[in-house]
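Let's take a walk through the inside of this protein, ring by ring and core by core. Have the structure open as you read.

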Amino acid sequence: MAAVSDNPAVPSGPQPVQIEAEEGELETDSAFGDDAESYTTSLKSSITNYKYENGRRYHAFKDGSYFLPNDESEADRLDLFHHIMSLRCDGELHWAPIGDNPGRILDIGTGTGIWAIDMGDKYPSAEILGNDLSAIQPTLVPPNVKFEVDDAENEWVYSSTFDYIHCRYMAGSLKDWPRLMQQAFKYTKPGGWVEFQDFDMTFYSTGGEFKEGSPLDQWAAGVKEGIAKFGLVAEPGPKLEGWVKDAGFTNVHHSVLPIPVGQWPKDKKLKEIGAFDLIQFLDGCEAISLRIFTNVQGWSPEHIQVFLSDVRKDLKNTRLQAQHNFHVVYAQKPLTVE
């Protein structure tokens, strides 16, 4: 774990964090991507609002406020990403010290609901509410877990505060992060905690052959440009700490965790994480690309597929030693607020 100081100054690019690579020549990770189903749990969807574009299903509630699909393939990828993030966080569902018997918990942008469900199993004392634009969560859940369709960027109208508010993997999903933080501050009880986990959407390498201008780099740049044209924030990760402090939270902790793509790391844990991350990118690059590159860049679906074939080659090339950064920020609301 690479700890980051409380210095509010944040560099514009990703902060490079060294991952030691496996010695010797590695074969391209060509086998990965074929067995993703064995690593994910397919949840039955309860969808009430959806539309179709280029063979993928999207939510219709607040259409245009989210660029990713909400179909079963994307749900499987999100559940895989839950596993990746849990591994990267040392098997923990959270880092905020919420105690053994937390009360009310809010999960912003719950997605498939897998984190909220796991928390409900772990903390029987808790009342957990997950919200999302799409009702893709399962109906059979622990009795202390509930889901609602809502836009987290709307004005919050909860009747009481929360002991803990959790929000992760919302890169490219929100327009006004400072306002979200302000609402989280308002609805966190004094002494309660918030935790935000998110990304840089920029790849880099500290010892490999990854270079600017490569297909993978062009893809990431195109995705970020398209997200920005949607009016959404593409890379919230490095800014989370500053936003949390500006909202009034104290006792702020910020860690930067590099995530490798592929099996090139020497460390066994990072090698496993890299293998899973490769799978989710191979499975997800189409879902990430379609709406952005057709609606914003004006590409045809056929052009996108040709381009993505080169992107996938880069993803599977262990010589690139590509990685990206994952940020974990947790903080506490003061017991007394001026």
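A residue counts as buried when its relative accessible area is under 20%, and as partly exposed when the value lies from there up to 50%. Keep in mind that what you're looking at is a predicted model.

With that cut-off in hand, try Phe 199: its relative accessible area is 3%, so it is buried, since buried means under 20%. Tyr 169, at 21%, comes out as partly exposed. These two residues form an edge-to-face aromatic pair, with 5.6 Å from centre to centre and 75 degrees between the planes. Tyr 169 lies in the loop between β7 and α3 while Phe 199 is in strand β8, so their pairing ties together parts that are 30 residues apart in sequence. They have company, too: ring pairs join Phe 81, Tyr 169, Phe 199 and Phe 326 into a cluster.

How many aromatic pairs turn up in the whole structure? The search finds 18. Another of them is Tyr 158 with Tyr 187, again edge-to-face, at 5.8 Å between centres and with planes 85 degrees apart. Here Tyr 158 comes from the loop between β6 (145–149) and β7 (162–168), and Tyr 187 from the loop between α3 (177–186) and β8 (188–199), so 29 residues separate partners in distant parts of the chain. Both Tyr 158 and Tyr 187 are buried.

Some rings have a charge for a neighbour instead. The charged end of Arg 104 sits over the ring of Phe 162, 4.2 Å from its centre. Over the face of Phe 185 you'll find Lys 333, at 4.8 Å from the ring centre.

Now for the cores. In soluble globular proteins, nonpolar side chains tend to be buried together. In this model, the largest nonpolar core has 32 residues, and those with the most contacts inside it include Ile 98, Trp 115, Tyr 164 and Phe 326. Which elements give two or more residues to this core? They are α1 (72–88), α2 (114–122), β8, β9 (250–260), α6 (268–295) and β10 (323–332). The largest share, five residues, comes from α1.

Zoom in on Trp 115 for a moment. Leaving aside neighbours within four places in sequence, Trp 115 is in contact with several residues, including Leu 93, Ile 105, Tyr 164 and Arg 168. Apart from the largest core lies another one, of 28 residues, among them Phe 162, Phe 196, Val 244 and Val 329. Phe 162 is the ring you met under Arg 104.

Terms used. Residues numbered from 1 in each chain as written. Predicted model: local features only at pLDDT ≥ 70, side-chain atom pairs only at ≥ 80, totals over all residues. Heavy atoms only, no water. Phe/Tyr/Trp six-rings, centres within 6.5 Å; stacked < 30°, edge-to-face > 60°. Helix = DSSP H or I, 4+ residues; strand = E, 2+ residues; numbered from the N terminus. Buried < 20%, exposed > 50% of the residue type's maximum accessible area, 1.4 Å probe, protein only. Lys NZ or Arg CZ within 6 Å of the ring centre and 35° of its normal. Core = buried A, V, L, I, M, F, W, Y, C linked by side-chain atoms within 4.5 Å. Contact = heavy atoms within 4.5 Å.
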